[in-house]
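This report describes the architecture of a single protein chain and selected local features of its backbone and side chains. The sequence and the coordinates are shown first.

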Amino acid sequence: MLEERESKEPAMNPFQKNESKETLFSPVSTEEVPPRPPSLPKKPPPKICGSNYPLSIAFIVVNEFCERFSYYGMKAVLTLYFLYFLHWNEDTSTSVYHAFSSLCYFTPILGAAIADSWLGKFKTIIYLSLVYVLGHVIKSLGALPILGGHMVHTVLSLVGLSLIALGTGGIKPCVAAFGGDQFEEKHAEERTRYFSVFYLSINAGSLISTFVTPMLRGDVKCFGEDCYALAFGVPGLLMVIALVVFAMGSRIYRKPPPEGNIVTQVVKCIWFAISNRFKNRSGDIPKRQHWLDWAAEKYPKQLIMDVKALTRVLFLYIPLPMFWALLDQQGSRWTLQATRMNGNLVLNPFLVLIFIPLFDLVIYRLVSKCGINFSSLRKMAVGMILACLAFAVAAAVEIKINEMAPPQPGPQEIFLQVLNLADDEVKVTVLGDENNSLLAESIKSFQKTPDYSKLHLKTKSQDFRFNLEFRNFSVYTKHSMEERNWYSLIIREDGKSVSSMMVKDANNKTTNGMTAVRFVNTLHKKVNISLGADISLDVGEDYGVSAYRTVQRGEYSVVHCRTEDKDFSLNLGLLDFGAAYLFVITNRTNQGLQAWKMEDIPANKMSIAWQLPQYALVTAAEVMFSVTGLEFSYSQAPSSMKSVLQAAWLLTVAFGNIIVLIVAQFSGLVQWAEFILFSCLLLVVCLIFSIMGYYYVPLKPEDIQEPADKQIPRIQGNMINLETKKTRF
């Protein structure tokens, strides 16, 4: 049977010369398989402005821009949606966020299998894009406050995210590989540049969406709340545009047909080779040059060569997830670090847009002129080293933030401040085993105390008795307090005497660097306070205390307020990043209605500009590692397995997210130590990868297509003689 197929091979050569890079093959069977007709158009595909770049890639790049806008735009507000709309805690929100990210990078295997074995890349992109759009629609419906209750919102959100993960993951390996298919092999240099432009479109979409969707959420209100439905709906609309643009180029695309169930063939080929090797362990049977050569009795030589190329690259991928474990923390750990700093920073996508042309047009060319062979694997290794340095810098920044942060109460400790709202000074003494004055001097009326005082508890919670000396009166009061909390003792005038009330303060920084405010109303009427578009709160009369409310950082010089019979405005001044403020609304006859401002938690003091070095390093690492790896995965893949290897590349990202989850959940380290741990782990992985890369022999185009004059192996019983190219791992 093999001899018959060998005699027919020359008849297929004309098709091989005219086709795209994809080489057709099928497993040996007992029936003749007629050769497939060529799938390419007779006329050369149109080019962009007379260059060697196919016009079809313009549709693909625009499609990728819109799709990435859709994906990153949705993710930009996803954590806030979990926290403030679904009311999940931070741990649950972070876990679901990373689980969704991991799922988005596991589903490419499914998309690649569908593309290579059934529908082809073009149809797979079309059909899974429809699933993608449906996911956005369901996700947007789940963000409508009027549509059901909490359970309905949760179910719709999880279903929508699952469909989005299937859609974005399924098309992810197909789009990049489909763009590479548009180039002829002689235009390999242009194809390399295409992958850089492709990555540029990814980050351009990410950059713009990261600015736009948070504005849609915060600046537009739906049913009196932040408009998450619009923030999710606009990315869904962009996905519809991506689908339409991609479909518009249908007539000019090169569409290599699917090669059959490639994943199944690869698995069966590997399994047969392993099992056949164990069946023929006798010392009388000659050894073969490669362990996959033991599959030659059942599978064609071209398939075996392709699987060899595939396994060599997959072996090289084993250390790669650790790089992604570091890179993807920009959206979690580094973002949390930024919330404890002063400023806003959306830097990575912007730097990528600058660094890609900088590296392609300047740095790589200068390195080449110096006579240095800067191969793809060397670029990726240098990218790993830069990521190590980025996390070392992040650890240094984290240590500096901790040094500037206010101290936290420990076990059996509380922090207490006194707010004297009476018209005269008050002396406060804590009654117990030792009578201790909280402050050496009496607290004057509306005096801003310099700091919290620390009190020690005998148990986890304790009742404290206070003596308040006001004019000629002494008032005794008792309040219960629990360890590790911050409190404010508010003293108010009660006729000719005074009384007190104890309120619990915020004890840590607010989420995402926002500002927290609350109010004490000394008026005899309830006050309604408007802090922005549809953001208002009510404060009860006669020293009513509101709950904390988070607002955006900014200058609040005119805040509209009203009672049942009067409208007035308050000047709250600058509300800075990460601070928590207490405002006391007073009506002094000589000054009118005012808001007395106290800072419960100080604003973030460290500028977010300190994150610039770590972002510059990690972005350079991303450009050298990710862009190079994307093109490397395409160029080293056998023509029949382009999508499969792209999916395997993306699968390393999924495993990287899993590493983050495991380390974050079980390391038990403080944040700076965790950054150092990741940096050291990647340094070790970089060393391993460099050794593996040293022994890796790059695949050349002629290596992945079987020459016509090459001899087909002849079976002699259970024996086989093979001609194979020697390769090193």
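Strands are DSSP runs of E with at least two residues, and they are numbered from the N terminus. With these names, Phe-446 can be placed in the loop between strand S5 (436-437) and S6. The model is a predicted one.

**Overall composition and confidence**

The chain contains 17 helices and 23 strands. Of its 729 residues, 52% count as buried. The accessible surface of the chain amounts to about 33400 Å², and carbon and sulfur atoms supply 59% of this area. Among contacts in the chain with a separation of 6 or more, 72% join residues 24 or more positions apart.

The average pLDDT of the chain is 81, and 85% of the residues score at least 70. Among the elements of the chain, the lowest mean pLDDT, 37, belongs to helix H1 (residues 2-18), and the highest, 93, to H17. Over residues 1-36 the pLDDT stays under 50, although the model has 75 contacts beyond four places in sequence for this stretch. Residues 706-729 also have a pLDDT below 50, and this stretch has 55 contacts in the model beyond near neighbours in sequence.

**Helices H16 and H17**

Helix H16 (residues 642-666) comprises 25 residues and spans 37 Å from its first C-alpha to its last, close to the 36 Å expected at 1.5 Å a residue. Gly-668, which follows H16, has a positive phi near 70°.

Helix H17 (residues 671-694) includes Val-685. Val-685 counts as buried because its relative accessibility is 14%, and buried means under 20%. Leaving aside neighbours within four places in sequence, Val-685 is in contact with Pro-319, Met-322 and Met-384. Val-685 and Pro-319 are 366 residues apart in sequence, yet their C-alpha atoms are 5.9 Å apart in space.

**A four-stranded sheet and a hairpin**

An open sheet of 4 strands follows the order S6-S3-S9-S10, with mixed pairing. Strand S6 (453-456) and strand S10 (497-504) stand at the edges; each has a single partner strand, so one side of each lacks a neighbour in the sheet. Neighbouring strands of this sheet are turned by 30° against each other on average, direction ignored. Strand S3 (residues 413-420) runs antiparallel to S6 and is joined to S6 by 4 bridges. Within this pairing, Phe-415 has Lys-454 in S6 as its bridge partner.

Elsewhere, S17 and S18 form a hairpin with 4 residues between them. Strand S17 (residues 559-562) and S18 run antiparallel and are joined by 4 bridges. Arg-562 stands opposite Asp-567 in S18. In a regular strand, side chains alternate between the two faces of the sheet. Strand S18 (residues 567-570) has a covered face, Phe-568 and Leu-570, and an uncovered face, Asp-567 and Ser-569.

**Positive phi in residues other than glycine**

Which backbone angle marks Phe-446 and Tyr-543? Phe-446 has a positive phi although it is not a glycine, and phi of Tyr-543 is likewise positive in a residue other than glycine. The table sets out their values and places.

| Residue | Phi | Relative accessible area | Loop |
|---|---|---|---|
| Phe-446 | about 55° | 15% | between strand S5 (436-437) and S6 |
| Tyr-543 | near 65° | 16% | between strand S13 (535-539) and strand S14 (544-545) |

Phe-446 is buried, and Tyr-543 is buried as well.

Conventions
Residues numbered from 1 in each chain as written. Predicted model: local features only at pLDDT ≥ 70, side-chain atom pairs only at ≥ 80, totals over all residues. Heavy atoms only, no water. Buried < 20%, exposed > 50% of the residue type's maximum accessible area, 1.4 Å probe, protein only. Contact = heavy atoms within 4.5 Å. Areas by Shrake-Rupley, 256 points an atom, 1.4 Å probe, with all protein chains shown as cover. pLDDT = per-residue confidence, 0-100. Expected span 1.5 Å × (residues − 1). Pairing = 2+ DSSP bridges. Axes fitted to C-alpha atoms, helices over the stretch in contact; angles between N-to-C directions.
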